[in-house]
Amino acid sequence: MNKAMTRFGRGALAAVAAGGLVLGLAGSAHASSNATAYVYGPNGARLGAAYFQADPYDVPDPSRPDYPGDAIRACDQVSGDGYGVQAQLDVIGNDEPIDRRANGTGAQCSGWVTGNLDEEKPVRVRACQILNGTVRECGAWSNGVA
């Protein structure tokens with residue numbers, strides 16, 4: 001009886017371990033990731049940010065909007081400075097250098113600019129200064145995955 005229990009115990013342990021491995025792999029297969037990038041002004045102060053939202057996120061509070069997937073937005077964080085912020089999205093491996101843009105001005109965020117992207121597609125986002133309607137300096141790229 002002791003031998004039978006030992007075999008059963010080993011078999012059960014192996015089954016649990018295999019099940020954990022399968023569950024672990026299933027949980028890590030989805031690798032989408034958001035990205036945030038910043039832009040700074042001539043004096044070094046942060047002017048604003050660009051945001052990439054990989055997957056849709058429904059906010060349960062009805063007074064707040066839904067966040068769509070595969071979307072970018074630009075947020076101007078300083079009022080009255082004359083600068084705006086442009087969010088730029090580059091889908092890595094596409095022929096286009098900039099695949100999507102969004103402009104935020106007047107210390108406000110733009111709406112979400114959306115469009116379906118292939119799952120697990122690498123992307124990058126950056127924030128740029130806008131002055132008098134012209135894109136000027138841009139911050140560093142930040143990487144994400146659609």
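Buried means under 20% relative accessible area, exposed means over 50%, and partly exposed falls in between (1.4 Å probe, protein chains only). Keep that rule at hand for the exercises below.

The model is predicted, so local features need pLDDT of at least 70 and side-chain atom pairs count only at pLDDT 80 or more, while totals for chains, interfaces and linings use all residues. Residues are numbered from 1 along each chain as its sequence is written, and side-chain values use heavy atoms, with hydrogens and water left out.

**Exercise 1. Find the salt bridge, place its two partners and say whether each is buried or exposed or partly exposed.**

Step 1. A salt bridge needs a side-chain nitrogen of Lys or Arg within 4 Å of a carboxyl oxygen of Asp or Glu. By this rule the count comes to one.

Step 2. The partners are Asp90 and Arg124, with 2.8 Å from N to O.

Step 3. Strands are DSSP runs of E with at least two residues, and helices are runs of H or I with at least four, numbered from the N terminus. Asp90 is in strand β4 and Arg124 in strand β6, so the bridge ties together parts that are 34 residues apart in sequence.

Step 4. Asp90 has 8% relative accessibility and therefore counts as buried. Arg124, at 28%, is partly exposed.

Step 5. Arg124 has another partner to look at: it lies over the face of Trp141, at 4.0 Å from the ring centre. The rule here is that NZ of Lys or CZ of Arg is within 6 Å of the ring centre and within 35 degrees of the ring normal.

**Exercise 2. Which cysteines are joined, and where do they lie?**

Step 1. Look for cysteine sulfur atoms within 2.5 Å, which is the rule for a disulfide. The structure holds two of them.

Step 2. Cys75 is joined to Cys109, with 1.9 Å from S to S. The link is right-handed, with 110° about the S-S bond. Cys75 lies in strand β3 (residues 71–76) and Cys109 in the loop between β5 (100–104) and β6 (122–131), so this disulfide connects parts that are 34 residues apart in sequence.

Step 3. Check the accessibility of each end. Cys75 is buried at 6%, whereas Cys109 is partly exposed at 40%.

Step 4. Now take Cys128 and Cys138, whose sulfur atoms are 2.0 Å apart. Their S-S torsion is about 100°, so this disulfide is right-handed. Cys128 is in strand β6 and Cys138 in strand β7 (residues 134–138), ten residues apart.

Step 5. Cys128 has 0% relative accessibility and counts as buried, while Cys138 is partly exposed at 28%.

Step 6. Count the bonded cysteines along the chain, and the pattern reads 1-2, 3-4.

**Exercise 3. Which residues touch the most other members of the largest nonpolar core, and which elements give two or more residues to this core?**

Step 1. A nonpolar core is a set of buried Ala, Val, Leu, Ile, Met, Phe, Trp, Tyr and Cys residues joined through side-chain atoms within 4.5 Å.

Step 2. The largest core has 20 residues, and those touching the most other members are Phe52, Ile72, Leu89, Leu117 and Val125.

Step 3. The elements that give two or more residues are β1 (35–40), β2, β3, β4 (83–91) and β6. The largest share, five residues, comes from β4.

Step 4. Inspect Leu89, using contact in the sense of heavy atoms within 4.5 Å. Leaving aside neighbours within four places in sequence, its contacts include Phe52, Ile72, Ile98, Leu117 and Arg124.

**Exercise 4. Classify the aromatic pair.**

Step 1. Rings of Phe, Tyr and Trp (its six-membered ring) pair if their centres lie within 6.5 Å; planes under 30 degrees apart count as stacked, over 60 as edge-to-face and the rest as tilted. One pair is present in the structure.

Step 2. The ring centres of Tyr67 and Trp112 are 5.6 Å apart and the planes stand at 75°, so the pair is edge-to-face.

Step 3. Tyr67 lies in the loop between β2 (46–53) and β3, and Trp112 in the loop between β5 and β6, so the pair ties together parts 45 residues apart in sequence.

**Exercise 5. What is phi of Asp70 and of Asn132, and where do they lie?**

Step 1. Most residues other than glycine have a negative phi.

Step 2. Asp70, in the loop between β2 and β3, has a positive phi near 50°. Asp70 is buried at 4% relative accessibility.

Step 3. Asn132, in the loop between β6 and β7, has a positive phi near 55°. Asn132 is exposed at 73%.
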